[in-house]
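Colleague: I'm new to this one and would like to go through it with you. Could you start with the terms you'll be using?

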Amino acid sequence: MTNSNNRLRIALQKKGRLSKDCNELLKQCGVKITWNEQRLIAYSENLPIEILRVRDDDIPGLVFDGVVDLGIIGENVLEEEELGRIAGGEKVEYKKLRTLDFGGCRLSLAIDRDQPYHSVQDFNNALIATSYPNLLKRYMKEQGVPFKSILLNGSVEVAPSAGIAHAICDLVSSGATLEANGLKEVEVIYQSKACLIQRAEPLDGDKQQLVDKLLTRIQGVQQAAE
Ligand code: ATP
Ligand code: ZN
């Protein structure tokens with residue numbers, strides 16, 4: 001089911017680390033939205049735009065499948081989903097319109113603070129807990145290090161102390177969470193920012209014009225902030 005209504009449909013994270021910046025960006029671009037906490041869909045008052053508010057993990061798929069026209073998503077989640085679909089034999093198509101200047105973080109390998117560390121070879125045959133098995137697999141393959149992963153979608157940082165993994169591969173921004181859990185960051189495997197993506201299937205003329213207008217405004221807003 002592709003979006004064929006008259007409003008440009010944009011998927012944004014409902015609640016989380018990207019929400020505030022996404023809402024702020026739309027506001028700065030002159031898109032007025034009436035937000036209703038309970039509602040899945042929000043409408044713009046002044047432009048033919050509707051916002052689908054979802055879990056961030058669902059955003060790449062919604063864009064790949066053409067259910068929404070645009071999405072704002074962390075590159076980490078985007079590439080993880082893309083690699084997963086490719087591994088499953090699916091074709092993945094979308095257009096990356098722009099990297100945004102928020103949502104910055106890195107995906108890193110971390111181990112027990114007291115454990116000595118020499119190189120990525122230390123992870124040889126290690127058991128690593130992560131929410132990003134595909135990004136981790138790509139990195140370890142490049143490094144030529146065999147390993148095993150356990151998928152955890154939350155509380156990844158407690159895995160070593162709970163005795164269920166030797167190490168973790170998780171998102172880091174300040175490092176405070178790692179520290180609080182007695183861990184140290186030893187390798188950065190991926191640098192991420194939020195980005196704006198568009199479905200691959202062409203939009204009708206009016207919608208594409210609106211996307212171009214939004215993109216120009218985003219460029220203006222982000223340059224002003226630099
Ligand atoms: P949802 O409920 O939508 O699934 P979530 O808990 O998976 O939310 P958040 O923690 O809100 O996700 O993070 C969303 C995105 O924000 C991350 O995927 C990442 O791109 C970005 N981000 C920026 N800094 C951090 C950080 N320190 N930790 C985690 N994510 C961060
Ligand atoms: Zn999520």
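Modeller: Two strands pair if DSSP finds at least two bridges between them, and helices (H or I, at least four residues) and strands (E, at least two) are DSSP runs, numbered from the N terminus. This is a predicted model, in which local features need pLDDT of at least 70 and side-chain atom pairs count only at pLDDT 80 or more, while totals for chains, interfaces and linings use all residues. Residues are numbered from 1 along each chain as its sequence is written, and chains are lettered from A and ligands numbered from 1 in the order in which they are written.

Colleague: OK, in what order do the five strands of the open sheet come?

Modeller: The order is 9-8-10-7-11, and the pairing in this open sheet of five strands is mixed. Strand 9 (148-151) and strand 11 (183-192) stand at the edges with a single partner strand each, so one side of each has no neighbour in the sheet. On average, neighbouring strands are turned by 30° against each other, direction ignored, where axes are lines fitted to C-alpha atoms, for helices over the stretch in contact, and angles run from 0 to 180 degrees between N-to-C directions.

Colleague: And how do strand 8 and strand 10 pair?

Modeller: Strand 8 (residues 127-130) and strand 10 (residues 167-172) are parallel, with three bridges between them, and A129 faces I168 of strand 10. Helix 4 (residues 133-143) packs on this sheet, touching strand 7 (105-112), strand 8, strand 9, strand 10 and strand 11, and its direction makes about 95° with that of strand 11. Touching here means contact, that is, C-beta atoms, placed from the backbone, that lie within 7 Å.

Colleague: Switching topic, what are the domains?

Modeller: The domain assignment gives domain 1 (8-103 + 193-225) and domain 2 (105-191); such bounds come from an automatic or database assignment. Their centres, taken over C-alpha atoms, are separated by 29 Å, and the contact takes seven residues from domain 1 and eight residues from domain 2.

Colleague: Where does ligand 1 lie?

Modeller: Ligand 1 lies between the two domains, because domain 1 and domain 2 both give residues to the shell around it. That shell has 15 residues, the closest being G16, R17, G74, C105 and S173, and a residue is counted as near if its C-beta atom, placed from the backbone, lies within 6 Å.

Colleague: What kinds of residues are in that shell?

Modeller: The shell around ligand 1 divides into four nonpolar, seven polar and four charged residues. Ala, Val, Leu, Ile, Met, Phe, Trp, Tyr, Cys and Pro count as nonpolar, Asp, Glu, Lys and Arg as charged, and the others, Gly among them, as polar.

Colleague: Now L12, is that buried or exposed?

Modeller: L12 counts as buried because it has 25 C-beta neighbours inside 10 Å; the cut-offs are 20 or more for buried, 12 or fewer for exposed, and partly exposed in between, with C-beta atoms placed from the backbone. L12 is part of strand 1 (residues 8-13), and, leaving aside neighbours within four places in sequence, its contacts are S19, C22, I51, R53 and I72.

Colleague: What does strand 1 join to?

Modeller: Strand 1 runs parallel to strand 4 (residues 49-54), joined by six bridges, with A11 opposite L52. Strand 4 is also joined to strand 3 (residues 41-44), antiparallel and over three bridges, where the partner of I41 is L52 and Y43 stands opposite E50. A hairpin of four residues connects strand 3 to strand 4.

Technical notes. Two residues are in contact if their C-beta atoms, placed from the backbone, lie within 7 Å.
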